[in-house]
Amino acid sequence: MGVSGTMEYLSDLLNSKKKKKKKQLATVAVKIRMDCDGCVLKVKKALSGVKGAKSVDVDLKQQKATVYGYVDAKKVLAAAKSTRKKAEPWPYVPYTMVAHPYVAGVYDKKAPPNFVRATTDPEVAGLNPVEEQYTLMFSDENPNACSIM
């Protein structure tokens, strides 16, 4: 390494300051127990105060608050809990994303319409090869499905 290589190395070393990572634009959904319009306003005010929040949508019927912006999910959940209301991350996914939506632990009577609880259980989340074969056999997208029936 010559003098020029040493100078470049030292220059890079001095110029490399710790750069902060920019937060990604995120959508964070939280399930919050709300009873009235006063609760909605209280939750909306608390979540609007989160640093980086661009907009806050609150749905009283689904008991759901959604924050859009450059926010961290943990900070949004902490702000929701600061209202002294029961809060948890949004636990639901559309039922079409789960292979077996009526299995115990996934099906939830309190879930909004067309939603079930999210699961990480691979047997519930995905189809086994035999089930997948039968699903594809009787699918509307299969051009030979009519001949099988």
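The following exchange explains the terms applied to this predicted model.

Me: What kind of model is this, and how are its residues numbered?
Reply: The model is predicted, so local features need pLDDT of at least 70 and side-chain atom pairs count only at pLDDT 80 or more, whereas totals for chains, interfaces and linings use all residues. Residues are numbered from 1 along each chain as its sequence is written, and side-chain values use heavy atoms, with hydrogens and water left out.

Me: What makes up the chain in terms of helices and strands?
Reply: The chain holds six helices and six strands. Helices are DSSP runs of H or I with at least four residues, strands are DSSP runs of E with at least two, and both are numbered from the N terminus. In that direction the order is α-β-α-β-β-α-β-β-β-α-α-α.

Me: How do you know that the span of helix 1 agrees with its number of residues?
Reply: The expected span is 1.5 Å times one less than the number of residues. For the 13 residues of helix 1 (residues 3-15) this gives 18 Å, and the end C-alpha atoms are 18 Å apart, so the two agree.

Me: Why is V3 called exposed?
Reply: A residue is buried under 20% relative accessible area, exposed over 50% and partly exposed in between, with a 1.4 Å probe and protein chains only. V3 has 67% relative accessibility and therefore counts as exposed. V3 is found in helix 1, a helix in which the count of buried residues is zero. Across the 149 residues of the chain, 24% count as buried.

Me: Why are W90 and Y92 called an edge-to-face pair?
Reply: Rings of Phe, Tyr and Trp (its six-membered ring) pair if their centres lie within 6.5 Å; planes under 30 degrees apart count as stacked, over 60 as edge-to-face and the rest as tilted. By this rule there is one aromatic pair. The ring centres of W90 and Y92 are 5.1 Å apart and the planes stand at 80 degrees, so the pair is edge-to-face. Both W90 and Y92 are buried.

Me: What makes K64 a charge over the ring of W90?
Reply: The rule asks that NZ of Lys or CZ of Arg be within 6 Å of the ring centre and within 35 degrees of the ring normal. K64 lies over the face of W90, at 4.7 Å from the ring centre.

Me: How do you know that R33 and D35 form a salt bridge?
Reply: A salt bridge is a side-chain nitrogen of Lys or Arg within 4 Å of a carboxyl oxygen of Asp or Glu. The closest N and O atoms of R33 and D35 are 3.1 Å apart, and the pair forms a salt bridge. A search of the whole structure finds one such bridge. R33 has a relative accessible area of 49% and is therefore partly exposed, whereas D35, at 55%, counts as exposed.

Me: What is notable about the phi of Q63 and of R84?
Reply: Most residues other than glycine have a negative phi. Q63 nevertheless has a positive phi of about 60 degrees, and R84 also has a positive phi of about 60 degrees. Q63 is placed in the loop between strand 2 (53-59) and strand 3 (64-69), and R84 in the loop between helix 3 (73-81) and strand 4 (87-89).

Me: Why is Q63 called buried and R84 exposed?
Reply: The relative accessible area of Q63 is 16%, so Q63 is buried. That of R84 is 73%, so R84 is exposed.
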